[in-house]
Amino acid sequence: MPALPPPTAWALPDPADAEPGEELLAVGADLEPGTLLAAYARGLFPMDVGRRGPVGWWSPDPRGVVPLTQFRPSRSLRRSMRRYDVTVDTDFAGVVAGCADPGRPHGWITPAFAAAYGELHRLGWAHSVEVRDDDGRLVGGLYGVEVGGLFAAESKFHRATDASKVALAALVAVMAGAGDPADRVLDVQWVTPHLASLGAVAIPRPEYLRRLAVALRLPPAVAGLAGQGAPGGSRTR
């Protein structure tokens, strides 16, 4: 089971009190594990304000989620899923480094963020899905934070065709296979055209908060799978 860190020393805002469409709800605080977990449980997540600015606490309205019961991989993605090996929590640092590649546009993962999520991983709250090619090279993946039945996907990357999509498909399969798929929440923050093509939808913040409250009561799906294979690869291990 994940280890409980000391509680946060900060009074975080309640997204239920925000104005419709308001997204940046607070600036400051810290990235301690207790603060991060309290934020996710309230429907917030951290991201710097501007390039290398202070830490902001965000609650998009509408919010992007991937409905587990509606996820349908395309035929081309199903073919790609057979080409890769998919694992869980075998190289968290490598996945974060791939997501933090400074050559990627709109990069936001600073060393401080990488260290903060690395500590959450050590405590058992943050998880990665790794995608490897035939030679065992890490070619894609994603990472995020799991609190109960919520998985807040933070970032993904790919170095080979469809590798990040395969990671997402594997995560969906793990979460759906844990039971109560209609009540679990796969949070992707904002819906981009790329995520929309994978089934992500935007829902109003009140609806997201209602679903979040239900999801938090469920047992986690990803915690405890460290080193195991995940659905979505040809030779899962």
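Lys165 is partly exposed, with a relative accessible area of 24%, where partly exposed denotes the range between buried (under 20% relative accessible area) and exposed (over 50%), computed with a 1.4 Å probe on protein chains only. Its side chain meets that of Asp162 in a salt bridge with an N to O distance of 3.7 Å, and Asp162, at 17% relative accessibility, counts as buried. A salt bridge here is a side-chain nitrogen of Lys or Arg within 4 Å of a carboxyl oxygen of Asp or Glu.

The model is a predicted one, in which local features need pLDDT of at least 70 and side-chain atom pairs count only at pLDDT 80 or more, while totals for chains, interfaces and linings use all residues. Residues are numbered from 1 along each chain as its sequence is written, and side-chain values use heavy atoms, with hydrogens and water left out.

**Salt bridges**

By the rule given above, the count comes to eight salt bridges. Two of them share Glu207 of helix H7, whose partners are Arg210 and Arg211; helices (H or I, at least four residues) and strands (E, at least two) are DSSP runs, numbered from the N terminus. Arg210 lies three residues from Glu207, about one turn of the helix, and Arg211 lies four residues from Glu207, again described as about one turn. Glu207 is partly exposed at 25% relative accessibility, as are Arg210 at 47% and Arg211 at 30%. Elsewhere, Asp133, Asp135 and Arg137 are linked in a network of salt bridges.

| Salt bridge | N to O distance |
|---|---|
| Asp162 and Lys165 | 3.7 Å |
| Glu207 and Arg210 | 3.0 Å |
| Glu207 and Arg211 | 3.0 Å |

**Strands and their pairing**

Three strands form an open antiparallel sheet in the order E1-E3-E2, two strands being taken as paired if DSSP finds at least two bridges between them. Strand E1 (24-27) and strand E2 (45-48) stand at the edges with a single partner strand each, so one side of each is left without a neighbour in the sheet. From one strand to the next the twist averages 35 degrees, the axes being lines fitted to C-alpha atoms, for helices over the stretch in contact, and the angles running from 0 to 180 degrees between N-to-C directions.

Strands E2 and E3 (residues 55-58) run antiparallel and are joined by four bridges, with Asp48 partnered by Val55 and Phe45 standing opposite Trp58. Along E2, Phe45 and Met47 point one way and Pro46 and Asp48 the other way, and all are buried. A similar description holds for strand E5 (residues 85-88), from which Asp85 and Thr87 point one way and Val86 and Val88 the other way, all of them buried. E5 pairs in the antiparallel sense with strand E6 (residues 126-132) over four bridges, and the bridge partner of Asp85 in E6 is Arg132.

**Aromatic contacts**

A search of the whole structure finds four aromatic pairs, where rings of Phe, Tyr and Trp (its six-membered ring) pair if their centres lie within 6.5 Å, and planes under 30 degrees apart count as stacked, over 60 as edge-to-face and the rest as tilted. The rings of Trp58 and Trp190 have centres 6.0 Å apart and planes at 75 degrees, so the pair is edge-to-face. This pair links distant parts of the chain, with Trp58 in strand E3 and Trp190, 132 residues away, in the loop between strand E9 (185-189) and helix H6 (193-197). Trp58 is buried at 15% relative accessible area, whereas Trp190 is partly exposed at 28%. Ring pairs link both of these residues with Phe45 into a cluster.

The rings of Tyr117 and Tyr143 have centres 5.7 Å apart and planes at 65 degrees, so this pair is edge-to-face as well. Tyr117 lies in helix H4 and Tyr143 in strand E7, so the pair ties together parts that are 26 residues apart in sequence. Tyr117 is buried with a relative accessible area of 0%, and Tyr143 is buried with the value 0%.

**Nonpolar cores**

Tyr117 and Tyr143 are among the residues that touch the most other members of the largest nonpolar core, which has 41 residues; such a core is a set of buried Ala, Val, Leu, Ile, Met, Phe, Trp, Tyr and Cys residues joined through side-chain atoms within 4.5 Å. Helix H4 (111-123) is one of the elements that give two or more residues to this core, and H4 gives the most, with five residues. Apart from it lies another core, of 33 residues, among them Phe151, Ala167, Leu186 and Val222.
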